[in-house]
Amino acid sequence: MLGRSILVLAVLPILNLFALLMLAGHIAAVDLLLKHIEDADLRIMDCLHDDNRVVRAAACLACAKLKISDALDDLLHLRRNDAITDVRSTAEAAVKVTSS
């Protein structure tokens, strides 16, 4: 479970690498990196269903930071139904960012 929260934190440097590759014009590398980002999005969305409340909250933050609009339904569900107040409030903030 801790590994999943580390995964969420590990995705952010990938975005910086993506920007550098785009500037350098490495199209093949960018295509490969985009595939990994899509995989990371799915892994982050899986973390929204984790048993650990800290992992769920971190996944909400990651969805907001990365603006993963595909996670909107899951975020809405967490906002309405999660037993933990912190997760509900984090999901609510993420909904505002991802739905705009």
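Which residues does T98 touch, not counting residues up to four places away in sequence? Hold on to that one for a moment, and let me first show you around. Hello, everyone!

What you have on the screen is a predicted model. The protein chain has five helices and zero strands, so to speak a run of α-α-α-α-α from the N terminus on. Of its 100 residues, 35% count as buried. Among contacts between residues at least 6 apart in sequence, 53% join residues at least 24 apart.

Now, back to T98. This residue lies in helix α5, and at 8% relative accessibility T98 counts as buried. The residues T98 touches, with those sequence neighbours set aside, are C63, A64, K67, I68, S69, L72 and L75. Two of these, C63 and A64, also appear on the list of α3 residues that meet α5.

That brings us to the pair α3 and α5. Their axes are 8 Å apart, and the helices pack at an angle of about 15 degrees. That makes the two roughly parallel. If you rotate the view, you can look for the crossing, where α3 passes α5 in a left-handed way. On the α3 side, the residues involved are R53, R56, A57, C60, L61, C63 and A64. They meet D86, V87, T90, A91, A94, V97 and T98 in α5.

Please keep an eye on R56 from that list, for it has another partner. How many salt bridges does a search of the whole structure find? The search finds one. In this salt bridge the side chains of D82 and R56 meet, at 2.8 Å from N to O. D82 sits in the loop between α4 and α5 while R56 is in helix α3, so the pair ties together parts that are 26 residues apart in sequence. And are these two buried or exposed? Both D82 and R56 are buried.

Next stop, helix α4, which covers residues 72-81. Here L75, L76 and L78 are buried. Looking down the axis of α4, you would see the buried residues fall within an arc of 160 degrees, so they line one face of the helix. As a reminder for anyone new to helices, an α-helix has 3.6 residues a turn, so residues three or four places apart point the same way. What lies over that buried side? The cover for the buried residues of α4 includes α3, at 53-66, and α5, at 85-98. On the face turned away from the buried side, you will find the exposed residues D73 and R80.

Let me also point out K67, one of the residues that T98 touches. K67 lies in the loop between α3 and α4, and with a relative accessible area of 56% this residue is exposed. Its backbone deserves a look too: K67 has a positive phi of about 50 degrees, although it is not a glycine. For background, most residues other than glycine have a negative phi.

My last stop is M45, in helix α2, which spans residues 27-47. M45 is buried, with a relative accessible area of 15%. Leaving aside neighbours within four places in sequence, M45 is in contact with I68, D70, A71 and D74. Take D74 from that group: the C-alpha atoms of M45 and D74 are separated by 7.9 Å, with the two residues 29 apart along the chain.

That is my tour. Thanks for listening!

Methods:
Residues numbered from 1 in each chain as written. Predicted model: local features only at pLDDT ≥ 70, side-chain atom pairs only at ≥ 80, totals over all residues. Heavy atoms only, no water. Buried < 20%, exposed > 50% of the residue type's maximum accessible area, 1.4 Å probe, protein only. Helix = DSSP H or I, 4+ residues; strand = E, 2+ residues; numbered from the N terminus. Arc of directions from axis to C-beta. Contact = heavy atoms within 4.5 Å. Salt bridge = Lys/Arg side-chain N within 4 Å of Asp/Glu carboxyl O. Axes fitted to C-alpha atoms, helices over the stretch in contact; angles between N-to-C directions. Parallel < 35°, antiparallel > 145°, perpendicular 65-115°, else oblique. Left-handed = near helix turned anticlockwise from the far one by under 90°.
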